[in-house]
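Here is a short briefing on one protein chain. Look over the sequence and the structure first, then read the points below.

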Amino acid sequence: MKKHSLLMIVALFSSGLAIGQQQNSGKEDYGERIEVRGKKTPMYFYSAMQQAEIDLYDQVNKQLKDDRYKVSCQRESQIGTNLKQKRCLPNFVRARMAFETQKARESGGPPLTLEQVEALVGKERQEAMNAVAKVIERNPELLELLVKYQSSVAAWEKSKAEEVAARN
């Protein structure tokens with residue numbers, strides 16, 4: 001059924017073109033020319049950036065030997081809202097957040113924020129960055145993925161800025 005419908009549409013479209021060409025043959029066309037150009041939305045660039053980020057993390061995770069330094073991405077809701085947002089964090093940060101949250105529950109105090117936890121794991125973060133840098137140095141294809149990710153971030157930010165400028 002789909003093939004038949006598609007063939008009918010193609011036949012009708014091509015016959016309309018043929019009729020239009022026969023009517024205009026021998027005549028000069030002085031009509032207006034309309035050119036349509038598409039514009040990619042900031043959401044297109046955001047999606048491309050997210051995919052580039054996931055591709056990069058997947059390939060880096062395959063090369064890393066220490067599971068603590070591997071990055072996992074999860075959709076999490078922020079406190080006070082049901083809206084979920086993707087958050088990519090190294091496993092050592094997630095483990096420390098879980099530990100600090102458990103400690104806060106036992107003591108009855110408020111849990112630490114991500115910024116507070118990241119301040120506590122400064123030394124591990126530096127070790128993780130060094131491990132990832134070594135992996136990227138050994139694998140040029142990872143460097144290409146990193147460059148692709150960085151350029152997709154720049155394209156998304158540029159698209160957002162253009163959208164804001166167009167509104168104002």
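Buried residues account for 21% of the 168 residues in the protein. The model is predicted, so read every value below as computed from it. Six helices and two strands make up the secondary structure. From the N terminus on, their order is α-α-β-β-α-α-α-α.

**Overall numbers**

- The accessible surface of the protein is about 13400 Å². Carbon and sulfur atoms hold 56% of that surface.
- Take the contacts between residues at least 6 apart in sequence: 51% of them join residues at least 24 apart.

**The strand pair**

- Strands S1 and S2 run antiparallel. Seven bridges join them.
- S1 covers residues 71-77, and S2 covers residues 84-90.
- The two strands form a hairpin, with six residues between them.
- Gly-80 sits in the turn of this hairpin. Its phi is positive, at about 90°.
- Ser-72 stands opposite Leu-89 in S2.
- Gln-74 has Arg-87 in S2 as its bridge partner.

**The disulfide**

- How many disulfides does the count come to? The count is one.
- Cys-73 and Cys-88 form this bond, with their sulfur atoms 2.0 Å apart.
- Cys-73 lies in S1 and Cys-88 in S2, so the disulfide ties together parts that are 15 residues apart in sequence.
- The torsion about the S-S bond is about 110°, so the disulfide is right-handed.
- Is Cys-88 buried or exposed? Cys-88 counts as buried because its relative accessibility is 18%, and the cut-off for buried is under 20%.
- Cys-73 has a relative accessible area of 30%. That value makes Cys-73 partly exposed, because this class lies between the 20% and 50% cut-offs.

**Asn-61 and its contacts**

- Asn-61 lies in helix H2, which spans residues 42-63.
- Asn-61 counts as buried, because its relative accessibility is 14% and buried means under 20%.
- What does the side chain of Asn-61 reach? It reaches the backbone oxygen of Val-71, at 2.7 Å.
- Val-71 belongs to the residue range of S1.
- Leaving aside neighbours within four places in sequence, Asn-61 is in contact with Lys-70 and Val-71.

**The nonpolar core**

- The largest nonpolar core has 17 residues.
- Which residues have the most contacts inside this core? They are Leu-64, Tyr-69, Phe-92, Val-93, Met-97 and Leu-142.
- Five helices give two or more residues each to this core: H2, H3 (91-107), H4 (114-120), H5 (122-138) and H6 (140-167).
- H5 supplies the largest share of the core, with four residues.
- Val-93 falls within the residue range of H3. Leaving aside its neighbours within four places in sequence, Val-93 is in contact with Leu-114, Val-117, Val-121 and Arg-125.
- Among these partners, Leu-114 and Val-117 fall within the range of H4, and Arg-125 falls within the range of H5.

Conventions
Residues numbered from 1 in each chain as written. Predicted model: local features only at pLDDT ≥ 70, side-chain atom pairs only at ≥ 80, totals over all residues. Heavy atoms only, no water. Buried < 20%, exposed > 50% of the residue type's maximum accessible area, 1.4 Å probe, protein only. Polar contact = N/O pair within 3.5 Å; in protein donor to acceptor, adjacent residues only side chain to side chain. Contact = heavy atoms within 4.5 Å. Core = buried A, V, L, I, M, F, W, Y, C linked by side-chain atoms within 4.5 Å. Disulfide = S-S within 2.5 Å. Areas by Shrake-Rupley, 256 points an atom, 1.4 Å probe, with all protein chains shown as cover. Pairing = 2+ DSSP bridges.
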